[in-house]
Amino acid sequence: MSRKGPNSVLIISARFYEDIADELARGATEELRGNDVEFEEISVPGALEIPLALSLALANGFVGRAGRHRACIALGCVIRGQTSHFDIVARESAGGLSQLALQHGVPIGSGIITCENMEQAWERASVDGRNKGGDAARACLTLMRLEEQFSSASRR
């Protein structure tokens with residue numbers, strides 16, 4: 001589903017684990033719908049691509065205070081394997097999002113989960129479990145409200 005407006009959120013979903021990505025997105029979109037917040041979803045192959053996709057959206061005015069979307073929710077799953085790739089992907093995806101949030105002052109709800117195995121991933125992603133997609137949406141909404149509060153205070 002794609003909806004957009006002045007308080008709209010862009011959801012960037014890493015599709016490496018399709019079923020986990022779907023469940024994270026379900027949690028996030030249910031939370032947004034419950035708060036009457038519009039959204040649009042785009043996909044990237046994996047968690048490492050999320051910061052670049054957001055950077056491109058910011059650079060082209062697609063996301064940001066004056067953009068098509070005011071904020072972003074990043075969703076993905078990184079499962080530990082037998083190499084150090086897990087550590088690189090987890091660190092770089094989280095670091096890239098933090099850097100963009102600070103550099104651009106854009107609210108970002110981070111829902112990139114890091115897990116030891118598929119069972120743990122399901123528990124964290126499941127809407128009936130830990131619902132990390134919903135948590136990322138709530139974090140994003142909180143930051144959007146905070147941004148509005150600071151913006152209103154500065155106009156006084």
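Q: Contact means heavy atoms within 4.5 Å. With that in hand, which residues of H1 meet which residues of H5?
A: This is a predicted model, and in it Leu24, Gly27, Ala28, Glu31 and Leu32 of H1 meet Lys132, Gly133, Gly134, Ala137, Arg138 and Leu141 of H5. Sorted by class, the contact of H1 with H5 holds five nonpolar, three polar and three charged residues.

Q: Why is H1 called oblique to H5?
A: Let's start with the angle: the axes of helix H1 (residues 18–34) and helix H5 (residues 132–154) cross at roughly 40°, coming within 6 Å. Angles under 35 degrees count as roughly parallel, and 65 to 115 as roughly perpendicular. The value of roughly 40° fits neither range, so H1 is oblique to H5. The crossing of H1 past H5 is right-handed.

Q: What makes H2 roughly parallel to H3?
A: The same kind of test works here. The axes of helix H2 (residues 49–59) and H3 cross at roughly 20° and come within 8 Å. Since the cut-off for roughly parallel is under 35 degrees, H2 is roughly parallel to H3. H2 passes H3 in a left-handed crossing. On the H2 side, the contact is made by Ile50, Pro51, Leu54, Ser55 and Leu58, and on the H3 side by Glu92, Ser93, Gly96, Leu97, Leu100 and His104. These residues divide into six nonpolar, four polar and one charged.

Q: Where in the helices is the residue with the "active site" feature, His85?
A: His85 lies in helix H3 (residues 85–104). The label itself comes from UniProt, where an unreviewed entry places the feature "active site" at His85.

Q: How do you know that H1 and H4 are roughly parallel to each other?
A: Look at their axes, which come within 9 Å and cross at roughly 15°. That value is set against the limit of under 35 degrees, and therefore H1 and H4 count as roughly parallel to each other. H1 passes H4 in a left-handed crossing. Asp19, Ile20, Glu23 and Leu24 of H1 meet Met118, Ala121, Trp122 and Ala125 of H4. This contact has six nonpolar, no polar and two charged residues.

Q: Why do E2 and E4 stand at the edges of the sheet?
A: Follow the order of the four strands in this open sheet, E2-E1-E3-E4, with parallel pairing. Strand E2 (39–44) and strand E4 (108–115) each have a single partner strand, so one side of each has no neighbour in the sheet. On average, neighbouring strands here are turned by 15° against each other, direction ignored.

Q: How do you know that E1 and E2 pair?
A: Two strands pair if there are at least two bridges between them. Strand E1 (residues 9–14) and E2 have six bridges, in the parallel sense, so they pass the test of at least two. You can also find Ala14 opposite Val44 in E2.

Q: Which strands does H4 lie across, and at what angle does H4 run to E4?
A: Helix H4 (residues 118–125) lies across strand E3 (71–79) and E4, and H4 runs at about 150° to E4.

Methods:
Residues numbered from 1 in each chain as written. Predicted model: local features only at pLDDT ≥ 70, side-chain atom pairs only at ≥ 80, totals over all residues. Heavy atoms only, no water. Axes fitted to C-alpha atoms, helices over the stretch in contact; angles between N-to-C directions. Helix = DSSP H or I, 4+ residues; strand = E, 2+ residues; numbered from the N terminus. Parallel < 35°, antiparallel > 145°, perpendicular 65-115°, else oblique. Left-handed = near helix turned anticlockwise from the far one by under 90°. Nonpolar A, V, L, I, M, F, W, Y, C, P; charged D, E, K, R; others polar. UniProt positions renumbered as here; feature names shortened; annotations may be inferred.
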